[in-house]
Amino acid sequence: MLDVRDGTALITLSGPARNALDEAMVAAISAAFDAAEADESVRCVVLTGAGPAFCSGAVLSTLIDSAEGRFDDVVAVYEGFLRVRRSPLPTIAAVNGPAVGAGLNLALACDVRVASTQALFESRFPVLRLHPGGGHTWLLTRAIGRQRATMMSLFGEVLDAEVALGAGLVAAVHSPETLLEEAMTLARRVEDLERDFVENLTSTLRAAEESPDHEGVLALETQRQRWSTTRPAFLSATRALQARIAGRAGAAR
């Protein structure tokens with residue numbers, strides 16, 4: 001399920017019922033993220049699904065059991081995507097097929113989503129007459145706005161990859177054959193950056209999304225920008241850019 005390549009951790013969902021979230025899958029996701037975060041070489045995590053689906057949501061028997069008073073089992077499924085959201089590392093969902101219900105939450109928990117042309121995004125909660133859970137409305141509204149989120153979570157709209165791209169739900173669409181390599185190539189853009197820099201900037205971006213207060217984010221950015229200027233990597237990169245600019249100016253004379 002976990003494969004580390006060139007500073008990128010690839011986590012592949014692999015399970016029955018189109019990679020549905022059950023106790024075993026949730027535990028596997030948590031363990032894979034624990035291992036990825038413990039590896040100091042890792043700068044980014046790519047999450048994808050095995051087979052034709054990304055994730056079909058919670059195992060239906062878990063939902064049915066909740067009607068008999070075992071709702072804690074449903075809440076336990078939340079951990080599958082909440083663990084992704086809690087990771088200090090930036091995360092990319094390579095959505096290779098349908099992302100449904102809690103599987104859509106799993107994709108939404110990632111910082112960036114890229115999709116195969118075979119991807120589908122479906123809330124499915126209204127089909128089941130089930131109120132969304134796990135922060136679904138919060139995640140979806142921030143990704144695509146309240147109007148489109150209402151269309152999906154109440155009126156049952158299903159988005160294919162191109163519509164998802166237009167709605168801002170995904171950052172790019174690729175062929176099924178190239179999706180994973182494109183996601184890994186994107187992840188490798190940060191492989192030369194220092195781990196603490198990557199984690200701090202990822203944290204700031206998330207805080208900026210969640211805070212309605214510009215002043216609070218301004219203060220956070222100021223504190224972390226000041227921190228970044230004290231690091232040797234900043235001085236080295238800035239002086240290298242300064243030298244390149246000076247070289248171009250000299251060549252133009």
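## A helix and its length

The expected span of a helix is 1.5 Å times one less than its number of residues. Keep that rule in mind as you look at this structure, which is a predicted model. Helix α2 covers residues 23–38, and with its 16 residues it should span 22 Å. The C-alpha atoms at its two ends lie 23 Å apart, which agrees with the expected value.

Which residues of α2 are buried? They are M25, V26, I29, S30, A32, F33, A36 and E37. Looking down the axis of α2, you would see these buried residues fall within an arc of 160°, so they line one face of the helix. A general rule helps here: an α-helix has 3.6 residues a turn, so residues three or four places apart point the same way. On the other side of α2, you can find E23, A24 and A38, which are exposed.

## A covered strand and its partners

Now turn to strand β3, residues 44–49. This strand is mostly covered, with six of its six residues buried. How are its two faces arranged, covered or open? Both are covered: C44, V46 and T48 are buried on one side, and V45, L47 and G49 are buried on the other.

Strand β3 has a partner in β2, residues 8–13, and these two strands pair in the parallel sense over six bridges. Here A9 stands opposite V45 of β3. Strand β3 also pairs with β4, residues 91–95; these strands run parallel too, and four bridges join them. In this pairing, V45 stands opposite T91 of β4. You can use V45 as a landmark, as this residue of β3 faces A9 in one pairing and T91 in the other.

Another residue to compare with V45 is V84, which is placed in helix α4. The two are 39 residues apart along the chain, and their C-alpha atoms are separated by 9.5 Å. Is V84 buried or exposed? Its relative accessibility is 0%, and buried means under 20%, so V84 counts as buried.

## The largest pocket

The largest pocket holds about 670 Å³ of space. Its lining has 31 residues, and those nearest its centre are P90, T91, D111, V112 and L205. You have already met T91, the residue of β4 that stands opposite V45.

Which elements give two or more residues to this lining? They are β4, β6 (112–116), α6 (136–144), α9 (179–187) and α10 (195–210). Helix α10 gives the largest share, with seven residues. Sorted by class, the lining of the largest pocket has 21 nonpolar, three polar and seven charged residues.

## The second largest pocket

The second largest pocket has a volume of about 320 Å³. It is lined by 22 residues, of which A58, L63, A102, F125 and L130 are the closest to its centre.

Three helices each supply at least two residues of this lining: α3 (60–66), α4 (72–86) and α5 (102–108). The largest share, four residues, comes from α4, the helix in which V84 is placed. The lining of the second largest pocket divides into 14 nonpolar, seven polar and one charged residues.

## Some residues to look at

Start with a general point: most residues other than glycine have a negative phi. Helix α1, residues 16–19, contains A17, and R18 is found in α1 as well. What is the phi of A17? It is positive, about 55°, although A17 is not a glycine. R18 is also a residue other than glycine with a positive phi, near 60°. As for their surroundings, A17 has a relative accessibility of 53%; exposed means over 50%, so A17 counts as exposed. R18 is partly exposed, with a relative accessible area of 44%.

Finally, find W138 in helix α6. With a relative accessible area of 31%, W138 is partly exposed. How far is its C-alpha atom from that of R224? The separation is 27 Å, and the two residues are 86 residues apart along the chain.

Terms used: Residues numbered from 1 in each chain as written. Predicted model: local features only at pLDDT ≥ 70, side-chain atom pairs only at ≥ 80, totals over all residues. Heavy atoms only, no water. Buried < 20%, exposed > 50% of the residue type's maximum accessible area, 1.4 Å probe, protein only. Pairing = 2+ DSSP bridges. Arc of directions from axis to C-beta. 1 Å grid on protein atoms, 1.4 Å probe; cavity = no way out; pocket = protein on both sides within 12 Å on 5 of 7 lines; lining within 4 Å. Points joined across faces, edges and corners; volume = space filled by probe spheres on them. Nonpolar A, V, L, I, M, F, W, Y, C, P; charged D, E, K, R; others polar.
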